[in-house]
Amino acid sequence: MKKKKFIKPDNLGKTEKKIVYVFLFIMLLIGYFFVDYIVSTKKEKNFLLATDSKIVTCQVTRHWHTHLSGNIFEYTVSGKSYKTHNQNTIRFKKGEYFKGIYAKSKPEIIQIDLTSPILSDTKYFKETLGKIQKTDANSEPNSVLFTYQFLGENYKRELYVENANIYAKGKSYPILVNEKNPMISYLKREIE
């Protein structure tokens with residue numbers, strides 16, 4: 001006795017099948033052009049930043065969180081302000097500054113170096129020690145987590161660094177703490 005196959009017919013006529021095939025073709029075409037646009041935009045950005053760029057100071061204006069996390073940075077070029085979203089996992093504090101490189105011919109194209117914090121006013125930063133709790137040399141950029149005490153309060157801070165391998169877990173390193181907002185601190189050797 002043969003087993004019966006229970007395959008249902010698709011119930012589409014010839015015209016309906018043609019419509020489905022045309023729709024699928026159009027969707028593939030749109031996908032191709034979207035990917036091509038993303039790749040060419042990234043190539044243009046990399047080319048401009050490598051050949052026609054200038055350094056600028058970028059200020060954190062807020063943190064955003066939707067399906068991706070990141071910070072919003074603001075910077076000024078020739079009197080005009082620009083904002084950019086930077087996708088990253090560390091929540092920086094409003095008013096922190098980082099080095100950015102923008103394309104001179106298209107100032108809206110920028111790359112922010114999250115491993116290069118800039119002290120806004122050095123007179124408000126005091127030196128103390130921070131103890132490394134965790135390092136991550138496998139992420140790009142690398143990151144470290146450290147704890148510290150300032151004016152009797154305990155704080156925890158995670159930062160991006162050029163090379164996490166130079167920091168040992170459990171060891172203390174000099175840090176600079178903002179006395180106006182002690183949640184803002186930096187590893188001293190990471191400051192330019």
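The exercises below, each with a worked solution, concern a predicted model.

**Exercise 1. The open sheet**

Work out in what order the five strands of the open sheet are arranged, and which strands lie at its edges.

Solution. Begin with the order of the strands, which is S8-S7-S6-S9-S10, with antiparallel pairing. Next, look for strands that pair on one side only, and you will find that these edge strands are S8 and S10. Then consider how neighbouring strands of this sheet are oriented, for on average they are turned by 40 degrees against each other when direction is ignored.

Two of the pairings can now be followed in detail. Strand S7, residues 142-150, is joined to strand S8, residues 153-161, by nine bridges in the antiparallel sense, and within this pairing Tyr-148 has Tyr-155 of S8 as its bridge partner. The hairpin of S7 and S8 has two residues between the strands, and Leu-151 in this hairpin takes a positive phi near 50 degrees. Further along the sheet, S6 and strand S9, residues 172-178, run antiparallel and are joined by seven bridges, and here Glu-127 has Leu-176 in S9 as its bridge partner.

**Exercise 2. The salt bridges**

Determine how many salt bridges the structure holds, and decide for each partner whether the residue is buried, partly exposed or exposed.

Solution. The general idea comes first: side chains of opposite charge can pair when their charged atoms come close. In this structure there are three salt bridges, and they can be taken one at a time.

Step one concerns Glu-74 and Lys-83, whose side chains meet in a salt bridge at 4.0 Å, N to O. Glu-74 has a relative accessible area of 28%, so this residue counts as partly exposed, whereas Lys-83, at 60%, is exposed because its value is over 50%.

Step two concerns Arg-157 and Glu-96, whose closest N and O atoms are 2.4 Å apart. Arg-157 belongs to strand S8, while Glu-96 sits in the loop between strand S3 (80-87) and strand S4 (97-103), so the salt bridge ties together parts that are 61 residues apart in sequence. Both Arg-157 and Glu-96 are buried, a word that stands for a relative accessible area under 20%.

Step three concerns Lys-188 and Glu-127, whose closest N and O atoms are 2.8 Å apart. This pair also links distant parts of the chain, since Lys-188 is in the segment after strand S10 (185-187) and Glu-127 is in strand S6 (residues 125-136), 61 residues apart. Lys-188 is partly exposed at 38% relative accessibility, and Glu-127 is partly exposed at 49%.

**Exercise 3. The pocket and the cavity**

Describe the largest pocket and the largest cavity by their volume and by the residues that line them.

Solution. Take the largest pocket first, which has a volume of about 840 Å³. Its lining consists of 33 residues, and those nearest its centre are Lys-45, Asn-86, Gln-87, Gln-111 and Ile-112. Helix H1 (14-51), S3, S4, strand S5 (110-118), S7 and S8 each give two or more residues to this lining. Sorted by class, the pocket lining has eleven nonpolar, 13 polar and nine charged residues.

Now turn to the largest cavity, whose volume is about 50 Å³. Among the residues that line this cavity are Phe-92, Phe-98, Leu-114 and Glu-190. S8 provides the largest share of the cavity lining, namely three residues. By class, the cavity lining has eight nonpolar residues, no polar ones and one charged residue.

Methods: Residues are numbered from 1 along each chain as its sequence is written. This is a predicted model: local features need pLDDT of at least 70, side-chain atom pairs count only at pLDDT 80 or more; totals for chains, interfaces and linings use all residues. Side-chain values use heavy atoms; hydrogens and water are left out. Two strands pair if DSSP finds at least two bridges between them. Helices (H or I, at least four residues) and strands (E, at least two) are DSSP runs, numbered from the N terminus. Buried means under 20% relative accessible area, exposed over 50%, partly exposed in between (1.4 Å probe, protein chains only). On a 1 Å grid over the protein atoms alone, a cavity is a set of points where a 1.4 Å probe fits but cannot get out, and a pocket is an open set with protein on both sides within 12 Å along at least five of seven lines; lining residues have an atom within 4 Å of a point. Grid points are joined across faces, edges and corners, and a volume is the space filled by probe spheres set on the points. Ala, Val, Leu, Ile, Met, Phe, Trp, Tyr, Cys and Pro count as nonpolar, Asp, Glu, Lys and Arg as charged, and the others, Gly among them, as polar. Axes are lines fitted to C-alpha atoms, for helices over the stretch in contact, and angles run from 0 to 180 degrees between N-to-C directions.
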